[in-house]
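User: Can you walk me through this model? I'd like to start with the DNA contacts.

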Number of protein chains: 2
Amino acid sequence: MTPGATNLLGIIADALPTLNKSEKKVASVILADPEKATQSSIAVLAVAAGVSEPSVNRFCKKFNAKGFPDFKLKLAQSVVSGIRYVSQNVAAEDDVGSYTGKIFDSTITNLALVRDKLCLDLVDRVVDKLIQARRVYFFGLGASSAVAKDAEHKFFRFNLPVSFHEDVLMQRMLASAGTTGDVFFIISYTGRTRELVESATLARESGATVIGLTAPNSPLAKVCHLAIEVAVPENTDEYMPMTSRIVHLVVLDVLATGVTVRRGPEFQPYLKKIKDSLKSTRYATDD
Amino acid sequence: MTPGATNLLGIIADALPTLNKSEKKVASVILADPEKATQSSIAVLAVAAGVSEPSVNRFCKKFNAKGFPDFKLKLAQSVVSGIRYVSQNVAAEDDVGSYTGKIFDSTITNLALVRDKLCLDLVDRVVDKLIQARRVYFFGLGASSAVAKDAEHKFFRFNLPVSFHEDVLMQRMLASAGTTGDVFFIISYTGRTRELVESATLARESGATVIGLTAPNSPLAKVCHLAIEVAVPENTDEYMPMTSRIVHLVVLDVLATGVTVRRGPEFQPYLKKIKDSLKSTRYATDD
DNA sequence: GAAAATTATGAAATAAAATTACATTTTTGG
DNA sequence: CCAAAAATGTAATTTTATTTCATAATTTTC
């Protein structure tokens, strides 16, 4: 898992290559079924791994635990956080349970990955730009079009002057007409969609601020003033859906939250007003 | 903590009035500093509570633990989720790092929660319906509109006859005109949006199959033939964006994958064709 | 309101689990 | 191939948890 992972399972997975023979045995038994490991005694675990009890004990101390019980405690907490490190690709012979688990797990894993890697300073700067913007345009195509649409909805609720465009011609026209104070927020998983890169370039030339949510070192990232670069491993497998969309949505959640937090509490009444306006469209709750 | 809490700390807090003298002592010591309790031995905890060791042990067994170590394990897990739960909401004084972490963590936690609760049998049945459908309509409004749009995009890639509608009038017309073989897939976080519930009712009356992705026991869920009920805790806090969207998207990923897996490998060439058709719109990769 | 029954609690013994000290084996580098 | 270092295991020790049983507190019943 990610280098610098904060959770024990991730740390163990990271350290795997640096461990010696018996430690590797212990690690793989734990990684294979962390939950079971938390419920085993040191003796049981030692037998399962085919090593002696002191080896297990030494293993625990290596990972900054006071001893085996303390290690189990930390492991149990790590298990709770929901991250399982054994996600593989979906296979043709998978049953419902398998592919459901795999998809959830890989989504969760990727989120955890990005959480640990996201540049906070950059988030802060993007939030700055969004707050100062006279107007924000969200552009996306294909799968990212739904992401951009979601962003529009969310930021509108947070009372930012936003709009969303999935029409390539509209995107070009708006980009060309951009001025200082306009922010173009361009979302693309690959960062290689020609139309979007061109719109970004136009927007930049017209003096607007261009922000990208995209792949590291992609053509799009290079054109942007600020690029939030999200590296989600490519899907080697045709079955596996793109988790990048999800990660992008969560990053946008973070940005929206950043905007709201920065604005402070005097902004709260506005949010309530929007929420209340939706009430009449709903059936009352039972209780 | 809420009554009926699933987490150990909540359960203990709930049970407090029903406990006898020494059990109360133990409970209050644990509740006062759960984290410390997880790191204490039974002897230390007994002294801290002013009771004997067997009393502590009995206390643990009362809460469905095998013994003291097992209890500590569960407590440790409860502390993690509890702390997350308590500090989950974004506060006005949070800095970038805090709110970023909180949003990622709560998203991850909710995904893990739903992963473990999702009814696999239901997923299987919904996949069945989707495969057999003559036509699938995705309906959503507000935040769920972007989710429905994403679903259209994804299922279209998987060559299902799908369309997405966010126009209430279109939704009503299509629902009224539905026939056997049509599937109406209606997405709503609350399950209480009047327009969607009405469309669902119309669709059902016209003989089509109605599938919902929504809240448990909501009006919408009741109208549907099949309802995938996703319980994501309400955000009490105005700052926090809805994680339900994310969970819905992942559930739709699961369904799309189910459809593809069920169709088997002879369907693969089609997926490749779609993928290839997008190539010419992109800049070549560097490597 | 006192005796019996029930329940709660703790002391001590027992059992289980984890840790340590040290011996043996394996690996590494000359 | 040998010596030094590292890794691993055996067995003793220590720590920790659990059970048993006796005692104390509480409740119930007449």
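Analyst: One term to begin with: a polar contact is a pair of N or O atoms within 3.5 Å. Also, this is a predicted model. By that cut-off, a side-chain N or O atom of A:R58 contacts a base nitrogen of DNA strand D at 3.1 Å.

User: And what does B:K21 contact on DNA strand D?

Analyst: A phosphate oxygen. An N or O atom in the B:K21 side chain is 2.7 Å from it. B:I42 also meets a phosphate oxygen, through a polar backbone atom, at 2.5 Å.

User: How many residues surround strand D?

Analyst: 18, and the closest are A:N20, A:S22, B:I42, B:N57 and B:K61. By class, that surface has six nonpolar, seven polar and five charged residues.

User: Which helix gives the largest share?

Analyst: Helix 5 of chain B, with four residues. Helix 6 (68-87) of chain B supplies at least two, as do helix 2 (21-32) and helix 5 (53-62) of chain A.

User: What share of the strand D atoms within 4 Å of the protein is sugar or phosphate?

Analyst: 74%; the rest belong to bases.

User: Switching topic. How many cavities of 30 Å³ or more turn up?

Analyst: Two, from a search of the whole structure. The largest has a volume of about 60 Å³.

User: What lines that one?

Analyst: Residues of chains A and B, including A:D150, A:R245, B:D150 and B:R245. The lining has seven nonpolar, no polar and four charged residues.

User: Which helix gives the most there?

Analyst: Helix 9 of chain B, with four residues. Helix 13 (244-263) of each chain and helix 9 (143-157) of chain A supply at least two each.

Terms used. Residues numbered from 1 in each chain as written. Chains lettered and ligands numbered in written order. Predicted model: local features only at pLDDT ≥ 70, side-chain atom pairs only at ≥ 80, totals over all residues. Heavy atoms only, no water. 1 Å grid on protein atoms, 1.4 Å probe; cavity = no way out; pocket = protein on both sides within 12 Å on 5 of 7 lines; lining within 4 Å. Points joined across faces, edges and corners; volume = space filled by probe spheres on them. Nonpolar A, V, L, I, M, F, W, Y, C, P; charged D, E, K, R; others polar. Near = heavy atom within 4 Å. Polar contact = N/O pair within 3.5 Å; in protein donor to acceptor, adjacent residues only side chain to side chain.
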